[in-house]
Every structure is written in structure tokens, then in C-alpha cells.
Amino acid sequence: MMTFDEKLKARAGREDCPIPEDFDARMDALLETLPAQAAPQRRRPVRRMVIVGVAAAVCLAGAAAAAPAVLSMARGAVGYFSAKPDSPYASQLAAFEKYNAAVGVSQTVDGRTLTIDNLAVDDSYLHVFYTLSSETPIERHGDGSEPEAWLAQWSAPPFWAEIDGKPLNIEGTVKAEATFIDDRTIKGMRRMALDRNLPDQFDLLLYTGGSSSLADSEFQFRLAVDKSAVAVESRTVEPKTNFEIYGHKVRIERLSISPFGSTITLSEAAEDPWQAFLLRDDKGNYLPLTDRGNTGSNGFTRVSNTYEFLGADKSTQSVTLLPISYDGADAPAHLVKGSLDSLPLTDASADGLTLESLDVGAKKAVATFSVHGAVYTADAQFYLTGPDGGELKVTGDTYFDCAVDRETGLITATYYYPDAAAEELAQAEGIAFFQAAPLTLLEDQAITIDLQPAQ
């Protein structure tokens, strides 16, 4: 049977349907009035506050909901960081301990118990800290040679959320971490960007599953959250500023600077939303974006994308969105090379990376980079070089990942070579990293967003 969309397409193929002259203009005007909607979620690979009062009801899949239990919420320790002290978010431990609530609600399904340990929310992010335990060893996704942190993350449950009955758009913005405590226990964190302001009291539904469909969920937790008693020092505005660039009709929905991070939310009705921009504060400092995760739509539905950026704080008075040349982000990078002890290492680029430290071990090499000037994203890639100056070849597969410290802005890049032989690593004489090409800034199209005073 044909779907409604298929019927329309078939009819369009048979009939002549002239478009009125003013159709495009009227459609554009209509789209500009539409509120941003959460992007359709796809099946994913196994990939102002403290909360001070919560009434929680655990919804069992296929069973009646348990009676609501009023939880006594208090500031305190977040046990996750004791289990994973190497988390790039560990530098924010003081904020997490100040702005978190112990939850301790559990649900058991088919021999697996999921416990929500802590919740932490500010104007920018919702964090879920959890423990998954199993009566039998937890299946490890991956082939086993990948870094342990990757295997734990892939094996951990993916969380989805609804706030006051409306799905939270996390596509392209979610950050996840996890660590194996033993072969039957995982502790993890799910970091979800907020694309809208939350009221002081709201209903939160957390669930896990292979997609954003509640029907596919394995665990469900319903929490009634009251965050009215404690105010967070945040600076959040919703300018709703519209602009056009390169044929894209974009709206600046929201900008937030708060204890757990800073975000800007843009919306657009487009299959490939525009994101060729940098951010700069009122002091002239560039504010690097941590990534460029993006989700589009069918071109008719306005969707939001939230981007995290670094460097802003409660003293920031304004943030300027600065478009760059459309080809700028794709300009070819060049290599910066040096010996293993020639640190700090950089080149004459006015904007880019500086290699600050390097630790070459038996199974991995860890490099720390600082960022200076205008860069497209806070990211770094490197490799070790051999006697000929080329890339050092080692036995087995190699892996690479990158993390950013939200407090210092330093990038930690890790190059894994789990099967490399000692004699191969002994040949390492230098390091090479990629430096991005200069960006063309479109200053005449910049948009400045003024921030409200800190609360």
C-alpha cells in the first residue's frame, strides 16, 4: 500500500501543478514563524540550579508504575568521577558536587539493574550518572582491541529524555562516557544539551533503548523535578534573531553560559543546516567550538542544533557569531613536525594549535595541545614519525581519540597502538600534527548577542 507521501509524489508526476509567483515568499514567511522542533531521532549505534526536590516514579516496562517516592535531595559527591578520574569533565568536579542531586532509583529487567545515581542540570546541560549491573557478564561491543573506554561506552545503555512530555533534541549533541567496574558492572554519564529554558518545576522522563521511541525502551524512569530553591549563576538569552547567508535562513534561538558549559542553539529548515561560523566574546577572544554535530530535516521542518563552545564565563557581556567563508572549514591542513623533545611545538600560524606536552608509552601516546586564535573546532590529530620523517609504522590496528578540558580549554589527543612492538616504538624520533589553514572571516556579516546579567 502506498503511503500518503508516495501518493502525493505519484500524483505530482502525473499532473501539471503550476506554482504561484509569490509561493516561495509566502512559504519563507510561514517558515520563519514556526517554532523550532526536535529533530527526528534515528536509531543510534551502541554509541539556574541544583535539583533540590524530586518526586520519582519508576515505570516498569510492561508493568504497572510503582508508587511515587519523594526523594530527599542534597548536594554531595558524584561517585562516577571516583570510578573514572581520567574523565575530561573531572576538572568540573566542584560544579558537579555543588549542582547535583543524589537519586538512587533502580529498576531491574531480565537480570539487569539500572540505577540512576545522580542528576545534574543547569541552563545548558542535563547530566545523568548511572550504574548498570548484570547477573551475567555484560556483552562487550567491539572486537576487543579498541580502547577500554570505547568498549565501555558502546556497551552502556543509551539514554533518551522527555521534558514535560516534549522530547529533548539530543541528536548530534549528546556526550557519553562509561567505564567497566568489573565484567558485570558499568558506571557511566550521559550529557545532554538543552535547547530550551526549563521551568523551575518540570517532569522528566528518562528511558533507554535502541532508538528514541519510547515503545523500544528497556528501562523507564519518571522524575518530577523542582529546582526552585537554588539558583545557578547563568547567563542565558533567547534572541530569536533571523539572518540569511549562503542561501540559508537561520535563526539564533538561544545562547547560554552556565556552570556545566556554554551553548548556542541555531535552527533552520534545511537538510544540511549552516554551521560555517566562529564565536568571539566582547574582549576579542575567540571561543572554540568543541564539535560540529549537526542534524537536518526534510527542508520544510525547522530543527534546532546546539553547539558547545569554550572560553566564556560569568564576566562575558556579549558573544558575536562570526560567519566564515563557506570553503574555510574545508581548506587543506598542513603538517607541523618536530622532534619528540622540541616542545612546545607550533609554527608561524596566527591561529591554530600548539603542542604543549607529549608522553609516549608502550601502548599509547598522549599529547596535550593549547588553542590560540580563530579555529574551526577544538580538535587535534597527530602521529609519531620515524627516522625518515614519515609516519612510524607499527604492528596491528591503531586508534585515535580527542577530548577537551572544559575548564582549561586544553585538548588531550590520544594515539593508541595496542599491538605495537617495543622495537618499533624505539624507532620513534618525532611527532607531526595537523594545523588547519587560515579562515576567512566575514566581519561585515557578524551578529552580536548581548547577554543578561548573571543571576
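Strands here are DSSP runs of at least two residues, numbered from the N terminus, and the close-ups below come from a predicted model.

**View 1. Asn305 and its surroundings in strand S17.** Let's start with Asn305, which sits in S17, the strand spanning residues 303-309. With a relative accessibility of 2%, Asn305 counts as buried, because buried means under 20%. Its side chain has a polar partner: the side chain of Asn294, at 3.0 Å. Setting aside residues up to four places away in sequence, Asn305 also touches Ile264, Thr265, Leu266, Pro273, Gly293 and Thr295, along with Asn294 itself.

**View 2. Leu321 in strand S18.** Next comes Leu321, found in the strand that covers residues 318-323. Leu321 has 0% relative accessibility and therefore counts as buried. Who are its neighbours? Beyond four places in sequence, Leu321 is in contact with Phe243, Ile252, Ile264, Leu266, Trp274, Phe277, Leu278, Leu279, Ala446 and Ile447. Ile264 and Leu266 may look familiar, since Asn305 touches them too. For a link across the chain, look at Thr448: it is 127 residues from Leu321 in sequence, yet their C-alpha atoms are separated by 6.2 Å.

**View 3. The second largest pocket.** This pocket has a volume of about 670 Å³. Its lining is made up of 31 residues, and those nearest the centre are Gly311, Ala312, Asp313, Arg406 and Glu407. By class, the lining holds 13 nonpolar, 11 polar and seven charged residues. Which elements each supply at least two lining residues? They are helix H4 (93-98) and strands S14 (248-258), S15 (261-268), S17 and S21 (364-372). S21 gives the most, with three residues. S17 is also the strand that holds Asn305 from the opening view.

**View 4. The buried residues of helix H5.** Helix H5 runs over residues 148-155, and its buried residues are Trp150, Leu151, Ala152 and Ser155. Three strands are among the elements that cover them: S8 (175-182), S9 (185-193) and S23 (399-404).

**View 5. Confidence along the chain.** A friendly word before you zoom in further: the protein chain averages a pLDDT of 82, and 80% of the residues score at least 70. Over residues 1-73, however, the pLDDT is below 50, although this stretch has 144 contacts in the model beyond near neighbours in sequence. Where pLDDT is low, the predicted coordinates should not be read in detail.

Definitions and conventions:
Residues numbered from 1 in each chain as written. Heavy atoms only, no water. Helix = DSSP H or I, 4+ residues; strand = E, 2+ residues; numbered from the N terminus. Buried < 20%, exposed > 50% of the residue type's maximum accessible area, 1.4 Å probe, protein only. Polar contact = N/O pair within 3.5 Å; in protein donor to acceptor, adjacent residues only side chain to side chain. Contact = heavy atoms within 4.5 Å. pLDDT = per-residue confidence, 0-100. 1 Å grid on protein atoms, 1.4 Å probe; cavity = no way out; pocket = protein on both sides within 12 Å on 5 of 7 lines; lining within 4 Å. Points joined across faces, edges and corners; volume = space filled by probe spheres on them. Nonpolar A, V, L, I, M, F, W, Y, C, P; charged D, E, K, R; others polar.
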